[in-house]
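Visitor: I should like to take a close look at a single part of this model, the largest cavity. What is its volume, which residues line it, and how do the surrounding helices pack?

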Amino acid sequence: MDSVPSRRSVALPYRSLLTFLEKRLFLPDINPSYYHTLGIALSVLYLYTRTPWLNVVVILLIIWADWLDGATARRYNRESRAGYIIDVVTDRVSEAFIFAAEAETAIGQIFFLLWLINLAFAYYSVYSNKHTSLPLRFVYLVVLIARM
């Protein structure tokens with residue numbers, strides 16, 4: 001059980017697009033954990049952003065950093081089960097900071113409940129070897145844009 005969990009078939013269309021882009025993207029040969037750190041730092045920054053357009057920009061940067069960590073790991077053959085677990089944990093921590101910023105709103109409370117479900121999915125993913133998660137940051141980004 002030392003492998004990275006496989007993705008569900010529902011993810012194949014967007015993964016094929018991302019794989020196409022990853023092959024054409026310049027990626028420095030660095031430890032993917034640097035992108036995890038950037039994502040967490042941006043998530044903490046999100047707690048302090050108060051303008052809608054800045055919220056959208058910060059969420060886009062967080063999603064971009066999350067994509068780059070996986071792309072870098074795949075490009076330089078640094079994929080590992082430990083790296084996968086670190087990625088899942090940092091994704092859930094990132095979501096926690098983002099949704100904590102909206103905790104007093106109904107939308108924030110709904111996303112907090114969805115975040116709890118995502119925590120259960122993360123646990124399931126690690127033990128079933130099937131990657132399962134809700135794309136909460138993407139959905140939240142759409143909600144932010146719709147509220148602008």
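Guide: In this predicted model, the largest cavity has a volume of about 70 Å³. A search of the whole structure for cavities of 30 Å³ or more returns 1.

The lining consists of Tyr35, His36, Gly39, Ile40, Ile62, Ala65, Asp66, Asp69, Thr90, Asp91, Ser94 and Arg137. By class, these divide into 4 nonpolar, 4 polar and 4 charged residues. At least two residues of the lining come from each of H2, H3 and helix H4, the last spanning 81–100.

Two of these helices, H2 (residues 33–46) and H3 (residues 52–75), pack against each other at an angle of about 165 degrees, their axes lying 8 Å apart. With angles over 145 degrees counted as roughly antiparallel, H2 is therefore roughly antiparallel to H3. Their crossing is left-handed. On the H2 side, the contact is made by Tyr35, His36, Leu38, Gly39, Leu42, Ser43, Leu45 and Tyr46. H3 contributes Asn55, Val58, Ile59, Leu61, Ile62, Ala65, Leu68, Asp69 and Thr72. This contact comprises 11 nonpolar, 5 polar and 1 charged residues. Among the residues that both take part in it and line the cavity are Tyr35, His36 and Gly39 of H2, and Ile62, Ala65 and Asp69 of H3.

H4, which also supplies the lining, packs in turn with H5. The axes of H4 and H5 come within 10 Å and cross at roughly 175 degrees, so the two helices are roughly antiparallel to each other. From H4, the contact involves Arg81, Tyr84, Ile85, Val88, Arg92, Glu95, Ala96 and Phe99. From H5, the partners are Phe111, Trp115, Asn118, Leu119, Ala122, Ser125, Val126 and Tyr127. The class count for H4 with H5 is 11 nonpolar, 2 polar and 3 charged residues.

H5 (residues 106–128) packs in addition with H6 (residues 136–147), at an angle of about 170 degrees and with the axes 11 Å apart. H5 is therefore roughly antiparallel to H6 as well. Here Ile107, Phe111, Leu114, Trp115 and Asn118 of H5 meet Leu136, Val139, Tyr140, Val143 and Arg147 of H6. That contact has 8 nonpolar, 1 polar and 1 charged residues. Phe111, Trp115 and Asn118 of H5 thus appear in the contact with H4 as well as in the contact with H6. The range of H6, residues 136–147, also takes in Arg137, one of the residues lining the cavity.

Notes:
Residues numbered from 1 in each chain as written. Predicted model: local features only at pLDDT ≥ 70, side-chain atom pairs only at ≥ 80, totals over all residues. Heavy atoms only, no water. Axes fitted to C-alpha atoms, helices over the stretch in contact; angles between N-to-C directions. Helix = DSSP H or I, 4+ residues; strand = E, 2+ residues; numbered from the N terminus. Parallel < 35°, antiparallel > 145°, perpendicular 65-115°, else oblique. Contact = heavy atoms within 4.5 Å. Nonpolar A, V, L, I, M, F, W, Y, C, P; charged D, E, K, R; others polar. Left-handed = near helix turned anticlockwise from the far one by under 90°. 1 Å grid on protein atoms, 1.4 Å probe; cavity = no way out; pocket = protein on both sides within 12 Å on 5 of 7 lines; lining within 4 Å. Points joined across faces, edges and corners; volume = space filled by probe spheres on them.
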